[in-house]
Amino acid sequence: MTHHFDTKLLHQPSYIDKQTGAVNVPLHYSSTYHQQSIDEFGPYDYSRSGNPTREALEETIADLENGHSGFAFASGMAAISSAFMLLSAGDHVLVSKDVYGGTYRMITEVLTRFNIDHSFIDMTDLNETARNVQPNTKVIYVETPSNPTLNITDIEGVAKVAKAHGCLTFVDNTFMTPLYQKPLDLGADVVLHSATKFLSGHSDVVAGLAAVKDEEIAAQLKFIQNSFGSILGVQDSWLLLRGLKTLSVRLKQSSDSARKIAQFLHHHPLIDEVYYPGFSFHAGYHIHQRQSTGAGAVLSFRLPDKKSAGVLVEAMKIPVFAVSLGAVESILSYPATMSHAAMPPSERELRGITSGLLRLSVGLEDTEDLITDLRQALDKVGAYQTLQV
Ligand SMILES: Cc1ncc(COP(=O)(O)O)c(C=O)c1O
């Protein structure tokens, strides 16, 4: 019997400890494993190569993403960087132009040193994507919805272009999680996560996950994981397993609030623009509807300038003002100096990451309280703007 997603979050074959019946995966704090003889090795030998607690998490993400294998890394960037190690010198990567700032930094400042080239393109346009594939392109890298401007890329369309040219498709699925979007089902080869965000959900873990469908790619990524060694530790694997169990209730409730907040901001006269893929007038709405089952809990909005954004940040009482997203508490952030600080200002402007842009990751607080907080903070922005004229 195949279970629905919400049931899978709570019941995995590895969750019940075979020895004791404990309903939570034990914390296997062991770096090494006793072997029977010089010829007989058990399933584990050294925890960089495999650890039962981490393995329970890896099997879970593989199942949730409808993949063959899963891999847990020390951070989202460790997952992304390890996936890029599938490439070799001389290869080229085609990348969505608005990706997370750390991914941008890895591609522009690290991969280039290993002679792996890149082109940033508007991946919302499939023709542009196909036009920019080069003979040495090996990976098309997608982030959808993108961080922080929530642009939508057609995963299935990109995966078709990639296959036609013999390239792999990588998808950063951090914003949607497998609850709302399953890139492997849409033809992607590697799905990547900053599990620091919605998957763990409590701002208490830094972690990364990857899932793949193909056995050959799984073997290659397993080899990289063991060779590069940026594995997730035992305690963090356990915390992430615990956080995952409530993913569905958390994300559904936060997404419901985000929709109401996006509508409130859209109608507010001081807001220049709201970026939210749940709006029927969002440029990528129809593609997003086709490939995802929810709009998510992150939205961005634009005030006219940095000073107005600063007034709002200081006036808001409920959200924490911090880097990161996808937690039980709402998180307000300023992409220009936080998530996208690694991008030069001119590149940020090109991607719509302007000085008045704020990103809100909606948590589990009462929706009305959040709207009331935003309303009073925007009143203060209005008062500040009146003083300026
Ligand atoms: C979309 C996206 N991908 C990847 C990352 C990197 O993940 P981590 O911070 O866990 O290394 C982030 C972090 O903010 C992100 O937002």
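**Exercise 1. Find which residues surround the ligand in this predicted model, and sort them by class.**

Solution. Start with the shell: 13 residues surround the ligand. The closest of them are Met77, Asp172, Ser194, Thr196 and Lys197. Next, sort the shell by class, which gives four nonpolar, six polar and three charged residues. Finally, look at the secondary structure: helix H3, residues 76–84, supplies the largest share of this shell, with three residues.

**Exercise 2. Work out which protein atoms lie within 3.5 Å of an oxygen atom of the ligand as polar contacts, taking Met77, Asn147 and Ser194 in turn.**

Solution. Begin with Met77, where a backbone N or O atom is 2.8 Å from a ligand oxygen. Then turn to Ser194: here an N or O atom of the side chain lies 2.8 Å from an oxygen atom of the ligand. For Asn147, a polar side-chain atom is found 3.1 Å from a ligand oxygen. To finish, consider the cover: on its own the ligand has 390 Å² of accessible area, and the protein covers 91% of that.

**Exercise 3. Describe the pocket in which the ligand sits.**

Solution. First, place the ligand: it sits in the largest pocket. Second, take the volume, as this pocket holds about 360 Å³ of space. Third, list the lining, which consists of 19 residues; Met77, Tyr100, Ser194, Thr196 and Lys197 lie nearest the pocket's centre. Fourth, group the lining by class: seven residues are nonpolar, eight polar and four charged. Last, check the helices and strands, and you will find that H3 gives the most to the lining, with three residues.

Key. Residues numbered from 1 in each chain as written. Predicted model: local features only at pLDDT ≥ 70, side-chain atom pairs only at ≥ 80, totals over all residues. Heavy atoms only, no water. Near = heavy atom within 4 Å. Polar contact = N/O pair within 3.5 Å; in protein donor to acceptor, adjacent residues only side chain to side chain. Areas by Shrake-Rupley, 256 points an atom, 1.4 Å probe, with all protein chains shown as cover. 1 Å grid on protein atoms, 1.4 Å probe; cavity = no way out; pocket = protein on both sides within 12 Å on 5 of 7 lines; lining within 4 Å. Sits in = over half its atoms within 2 Å of the grid points. Helix = DSSP H or I, 4+ residues; strand = E, 2+ residues; numbered from the N terminus. Nonpolar A, V, L, I, M, F, W, Y, C, P; charged D, E, K, R; others polar. Points joined across faces, edges and corners; volume = space filled by probe spheres on them.
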